[in-house]
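Me: I have a protein model open and would like to go through it with you step by step. Can we start with some of its charged residues and then look at the fold?

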Amino acid sequence: MSTGQPLSIEPQELQFPFELRKQISCSLNLSNKTDNYVAFKVKTTNPKKYCVRPNTGVVLPRSTCNVVVTMQAQKEAPTDMQCKDKFLLQSVVASPGATTKDITAEMFNKESGHNVEECKLRVVYVAPPRPPSPVREGSEEGLSPRASVSDNGSFNAAELTSVSRAHVDRHETQDNSSDARSLISKLTEEKNSAIQQNSKLQQELELLRREAKRNQSGIPFIYVFLVGLIGIILGYLLKRT
């Protein structure tokens with residue numbers, strides 16, 4: 001802003017994140033740091049391409065006003081992303097209590113002796129912001145990748161994305177290894193349990209076999225004992241008779 005200008009204008013250039021077939025807007029902040037009512041008017045070299053709201057107005061003393069400049073959707077990209085369009089913001093001290101209805105074209109006529117301050121603003125096209133890379137839920141815990149920094153101090157987004165993906169892949173591999181170890185441990189326990197049960201069954205079967213053998217070997221002895229007992233009884237009875 002030049003010395004003596006009643007309005008402070010920020011920013012000093014209109015930056016549009018250019019995208020084809022999309023309406024884009026940016027804002028101007030007009031700040032009145034004086035005790036006067038200040039009228040302003042915004043002009044452009046390409047009025048069909050831009051819409052300015054408000055294009056005229058009054059900034060009250062010690063207050064601010066926001067002006068929105070909207071660029072219509074463009075069908076073709078400019079060569080080398082350069083724009084030759086320019087804006088001119090004129091300001092002049094108005095009478096106390098003035099409103100937008102009191103603004104006339106004559107107020108901004110220098111030839112009529114009005115002290116009109118002018119500020120030229122150029123249009124600059126900038127690259128649109130890139131959307132953030134998708135990251136799976138839960139992968140951010142314990143994740144602290146370091147993005148590389150280029151010579152001009154900006155972060156290298158490609159390397160940041162590569163580091164993030166590598167860290168996510170490493171976490172997935174660790175999770176798979178943990179699941180495999182858990183499955184192997186479970187199968188080992190089931191195998192040992194089956195071996196123990198098989199051994200126990202074999203021992204019980206062996207005991208049954210031994211018991212069966214003892215029973216089979218005891219049948220002839222009982223038979224002989226009974227025959228002998230019957231013989232003694234018969235002999236005793238015969239003797240008595």
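Me: Are Arg-62 and Asp-35 buried or exposed?

Reply: Arg-62 is exposed, and Asp-35 is exposed as well. Please keep in mind that we are looking at a predicted model.

Me: And what do Arg-62 and Asp-35 form with each other?

Reply: Arg-62 forms a salt bridge with Asp-35, and the closest N and O atoms of the two are 3.0 Å apart. This pair links distant parts of the chain, since Arg-62 sits in the loop between β6 and β7 while Asp-35 sits in the loop between β3 and β4, 27 residues apart.

Me: How many salt bridges does the count come to?

Reply: The count comes to 6 salt bridges. One of them joins Lys-49 to Asp-85, where the closest N and O atoms are 3.0 Å apart. That pair also links distant parts of the chain, with Lys-49 in the loop between β4 and β5 (50–53) and Asp-85 in the loop between β7 and β8 (86–94), 36 residues apart.

Me: Why does Asp-85 count as buried, and what about Lys-49?

Reply: Asp-85 counts as buried because its relative accessibility is 11%, and buried means under 20% relative accessible area. Lys-49 is buried too, with a relative accessible area of 14%.

Me: Which salt bridge does Lys-110 take part in?

Reply: The side chain of Lys-110 meets that of Glu-118 in a salt bridge, at 3.5 Å from N to O. Lys-110 is partly exposed, with a relative accessible area of 45%, and Glu-118 is partly exposed at 32%.

Me: OK, changing topic to the fold. How many helices and strands are there?

Reply: The secondary structure of the protein comes to 1 helix and 9 strands. Read along the sequence, the pattern is β-β-β-β-β-β-β-β-β-α, with the helix coming after the strands.

Me: What is the strand order in the sheet of 4 strands?

Reply: That open sheet has the order β1-β3-β7-β5, and its pairing is antiparallel. The strands at its edges are β1 and β5, each of which pairs on one side only. On average, neighbouring strands of this sheet are turned by 20° against each other, if direction is ignored.

Me: Can you take me through the pairings, and tell me which residues face each other?

Reply: Starting at one edge, strand β1 (residues 7–10) is joined to strand β3 (residues 24–32) by 4 bridges, and the two run antiparallel. Here Ser-8 has Ser-31 in β3 as its bridge partner. Next, β3 pairs with strand β7 (residues 63–71) in the antiparallel sense over 9 bridges, and in that pairing the partner of Ser-25 is Thr-70 in β7. At the other edge, β5 is joined to β7 by 4 bridges, again with the strands antiparallel, and Arg-53 stands opposite Val-68 in β7.

Me: And what about the sheet of 5 strands, what is its order?

Reply: This open sheet has the order β2-β9-β8-β4-β6, and its pairing is mixed. Its edges are β2 (13–17) and β6 (56–59), and each has a single partner strand, so one side of each is left without a neighbour in the sheet. The twist averages 25° from one strand to the next.

Me: How many bridges join β4 to β6?

Reply: Strand β4 (residues 37–44) is joined to β6 by 4 bridges, and the two strands run antiparallel. Within this pairing, Val-38 has Val-59 in β6 as its bridge partner.

Me: Something else: how many disulfides are there?

Reply: A search of the whole structure finds 0 disulfides. If you want to look at cysteines anyway, Cys-26 is buried, with a relative accessible area of 12%, whereas Cys-51 is partly exposed at 24%.

Me: Last topic, the helix. Which residues does α1 cover, and which nonpolar patch should I look at?

Reply: Helix α1 covers residues 157–240, and Leu-229 lies in it. Leu-229 also belongs to a nonpolar surface patch of about 790 Å², whose members include Phe-225, Leu-226, Ile-230 and Tyr-236. At 38% relative accessibility, Leu-229 counts as partly exposed.

Me: And what share of the whole protein counts as buried?

Reply: Of the 241 residues of the protein, 23% count as buried.

How values were computed:
Residues numbered from 1 in each chain as written. Predicted model: local features only at pLDDT ≥ 70, side-chain atom pairs only at ≥ 80, totals over all residues. Heavy atoms only, no water. Patch = residues over 30% accessible without salt bridge, like charges linked within 9 Å, V, L, I, M, F, W, Y side chains within 5 Å. Areas by Shrake-Rupley, 256 points an atom, 1.4 Å probe, with all protein chains shown as cover. Salt bridge = Lys/Arg side-chain N within 4 Å of Asp/Glu carboxyl O. Buried < 20%, exposed > 50% of the residue type's maximum accessible area, 1.4 Å probe, protein only. Pairing = 2+ DSSP bridges. Axes fitted to C-alpha atoms, helices over the stretch in contact; angles between N-to-C directions. Disulfide = S-S within 2.5 Å.
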